[in-house]
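Thanks, everyone; I would like to spend a few minutes on the salt bridges in this model. Please have a look at the sequence and the structure before I go on.

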Amino acid sequence: MSKALEAGKVTGIYNAGVSHAVLGRALAAHSLGPPPVLVGHDISPDAERMLQEGVMTLVIDQNPDLQVRKALLILASRFGLPGGVAESPVVPFTVLVRDSL
């Protein structure tokens, strides 16, 4: 990726796994042209800072805490455990940009 950044050939990055801070440092080290559009997953302090600074364009927050709670409730319900509540497995996601922070 470094060579592509240096050549100015990267116009967008979809980050689904690398640390937001690590990616931000890589982009800062290769700031030769217009910054690429950067889309990341799950809001974190680093992602929030990068949105505020304009480094990151958009964050898709999938609410991992709610995903875990729903999964545990559904499993408990499936196995007849107390406290298990059958509910929709759908977890809404939020799209965050600088102005929505």
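By how many residues, and by about how many helical turns, are Arg 49 and Glu 53 separated in helix α3? They are four residues apart in that helix, which puts about one helical turn between them. Before going further, I should say that this is a predicted model, in which local features need pLDDT of at least 70 and side-chain atom pairs count only at pLDDT 80 or more, while totals for chains, interfaces and linings use all residues. Residues are numbered from 1 along each chain as its sequence is written, and side-chain values use heavy atoms, with hydrogens and water left out.

A salt bridge here is a side-chain nitrogen of Lys or Arg within 4 Å of a carboxyl oxygen of Asp or Glu, and by this rule the count comes to two. Helices, for their part, are DSSP runs of H or I with at least four residues, numbered from the N terminus.

In one bridge, Arg 49 pairs with Glu 53, with the closest N and O atoms 3.2 Å apart. In the other, Arg 49 meets Asp 46 at 3.6 Å, N to O, and these two residues lie three apart in helix α3, which covers residues 45–53. Because the bridges share partners, Asp 46, Arg 49 and Glu 53 form one network.

As for exposure, Asp 46 at 30% relative accessible area is partly exposed (between buried, under 20%, and exposed, over 50%, with a 1.4 Å probe and protein chains only). Arg 49, at 33%, is also partly exposed, and Glu 53 is partly exposed at 49%.
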